[in-house]
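Biologist: I'd like to go through this model with you and hear what stands behind the words you use for it. Can we take the terms one at a time?

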Amino acid sequence: MNAPSFSYRMFHQCRAEWRHQYGMVLLWLSVLLMRQWHRAHEARAMFSKLSIAGLDLWLEVGTMLMAAAVAWRSVSADMPANTDTFSLTRPVGQSALWCGKLLFLMSAVIVPTALVVSASWQRFGLGTGQWDALTCAVMLSGGLVCGMAGTLTALASTSRQVFALGVVAVLGVGVELVIPGSVQEAAGITLEQHHVEQCGSFIAAFCVLAGLLVAWWLVTVPRRRWMAACCMTGTLVAAPLIARAWRTDWITPPALKYANAAKLSLKMGKADPADKTPGRGLWPTLRIAGLGKDEVASIAEFAPVDDQATWPPEGSYSDLKVNDNGYDAWLHQDHARVLFKHYPATTLWRQQIGNNEMYNGRKTLVEVMQALRLKREEAITRRWRLRLVVHEMKRVATVPFRQFWTQENEFLIRPGLRLECNAYAWLRDAWEMHGRAHRVSSSILTEEPTRPVHVRGRDLSDDFCLVLEDLDLKENRVLSLGLVQRERQWSSYRDRSQQWQTDENQGFEIRMWTPREQEVILKRTRDEWIDAQKASVWHAEERGVVEFELTAAQMAEVLPEPVKKGEKKP
């Protein structure tokens, strides 16, 4: 009679584990599914009663503890210190026993977690690399939980020791989850430093997982308990040292430079009526020529250059100011003007674009000089620098407005970014549409080929506008979505990111009322007003940054000598 093969004994042990633990596994899966459902519900619902109770935190902790409990029950049934199991005399063998339990935890905890969580990655246009990186992050997180629980259980001599070690592990995980985020927010580290920390933590986590598996094997198969304890302790001590010593950053992409910078040029002075390419006006005496059809240039910084000080100085002018009211909207009137050519020339336009009243149009050059505390005589003797950020307005979709009014909508902007809109609802004495810019990607493998432009201490986020086209009245209304800033203090921003995974919702809301004048004069009902309109979503897609140096002579043309009182303009 031939002895059973190693693979047969391993799968036999895995089947035995499933027979004994299937109830615990089903309970854990129910908690996992509840957590994923709650996350999806909380992202869609603007006012969720479940968020008040902090249910997400309880489900997160419950999922982790249940996964650890499954590993504890599986390992404790045949733990080396348990003399009642007679594990040394069982024909399955210690190696097959250990591999069978490892296979059980893979099939009962780690793989189901990856399958359930991966449902939230769909419809984001992610490539194979992103799916592999996200799956690797989930399996690594699950492996750390099961590896820690399994190793501690195998090392313990009694159930009391298992409980004590489990409490210490839970407290350590809690401190690990809470402290890094608080330190990061308090320190205000740069994006590059944050990415270096993520790379270091990822490498350290792999080292911890390998060390835990080796320690678990040492205590189970060759029965080297003290060696296993030293291996686990050394791994846990070395992990934070590895994470802090790590300096390689493979996440941060390079900055985007404007590809057609050679075609751009500045024109100073008053525009010549005979000039066929006068350019687009930044100011009446300063224009930029060479931009594409739907491209818009925003002034990131405009200030004189001082070789003895850093640039830009205090008081430098910018179109892209930081909003203190919590909004991340930065579109301005130039972005609305570039849309005119896409609609009939006789269209009447109304715009509601502005950085929540933080930006109501570009300041005049006189106001710019006042902010810099400069007079014309001094300004025209200095060298100036103009930094521009170029965006292209891209139409995402055009649908009947009725579709926005009655149903949820999703628009894929690029891989990893999706614009999601709820149906309109009567809330707070107005018709409101709530939505979010939903980002899902791996934190250790960037989906973006280039990093967003950095302006005024922040990375410039994506911005959108909604154009409502009334086909009967030939009237267009353009509205900025008004995304909130990507900070935890704002309720409309919900960050559900986990270790090495990005999952965040940057919320927005649009409030409107049925036009009263159309109801009274045109006798239009609300349904007629809705059906007469088309809705178009536009996205400002970044094209890059370009800089210009203006000499003193050029600044003299940009800042012409003011006309004195009593003199006639030439």
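Modeller: Sure, let's start with two helices: α7 and α8 pack at an angle of about 180°, and their axes are 8 Å apart. Helices here are DSSP runs of H or I with at least four residues, strands are runs of E with at least two, and both are numbered from the N terminus. Bear in mind that this is a predicted model, where local features need pLDDT of at least 70, side-chain atom pairs count only at pLDDT 80 or more, and totals for chains, interfaces and linings use all residues. Residues are numbered from 1 along each chain as its sequence is written, and side-chain values use heavy atoms, with hydrogens and water left out.

Biologist: What makes α7 roughly antiparallel to α8?

Modeller: Angles run from 0 to 180 degrees between N-to-C directions, with axes fitted to C-alpha atoms over the stretch in contact. Over 145 degrees counts as roughly antiparallel, under 35 as roughly parallel, 65 to 115 as roughly perpendicular, and the rest as oblique. The angle here is about 180°, so α7 is roughly antiparallel to α8.

Biologist: Which residues make the contact between α7 and α8?

Modeller: Contact means heavy atoms within 4.5 Å. Gly 200, Ala 204 and Gly 211 are among those from α7, and α8 brings residues including Ala 228, Cys 231 and Ala 239.

Biologist: Why is α4 called oblique to α5?

Modeller: Their axes come within 9 Å and cross at roughly 140°. That angle falls in none of the named ranges, so α4 is oblique to α5. Among the residues that meet are Leu 105 and Val 109 in α4 and Trp 131 and Gly 142 in α5.

Biologist: What makes a set of residues a nonpolar core?

Modeller: Its members are buried Ala, Val, Leu, Ile, Met, Phe, Trp, Tyr and Cys residues joined through side-chain atoms within 4.5 Å. Buried is under 20% relative accessible area, exposed over 50%, and partly exposed in between, with a 1.4 Å probe and protein chains only. The largest core has 42 residues, of which Val 70, Leu 105, Val 109 and Trp 500 touch the most other members. Its largest share, 10 residues, comes from α7.

Biologist: How do you know that β1 and β2 stand at the edges of the sheet?

Modeller: Strands pair if DSSP finds at least two bridges between them. The order is β1-β3-β2, with antiparallel pairing. β1 and β2 each have a single partner strand, so one side of each is left without a neighbour in the sheet. As for β1 and β3, 4 bridges join them.
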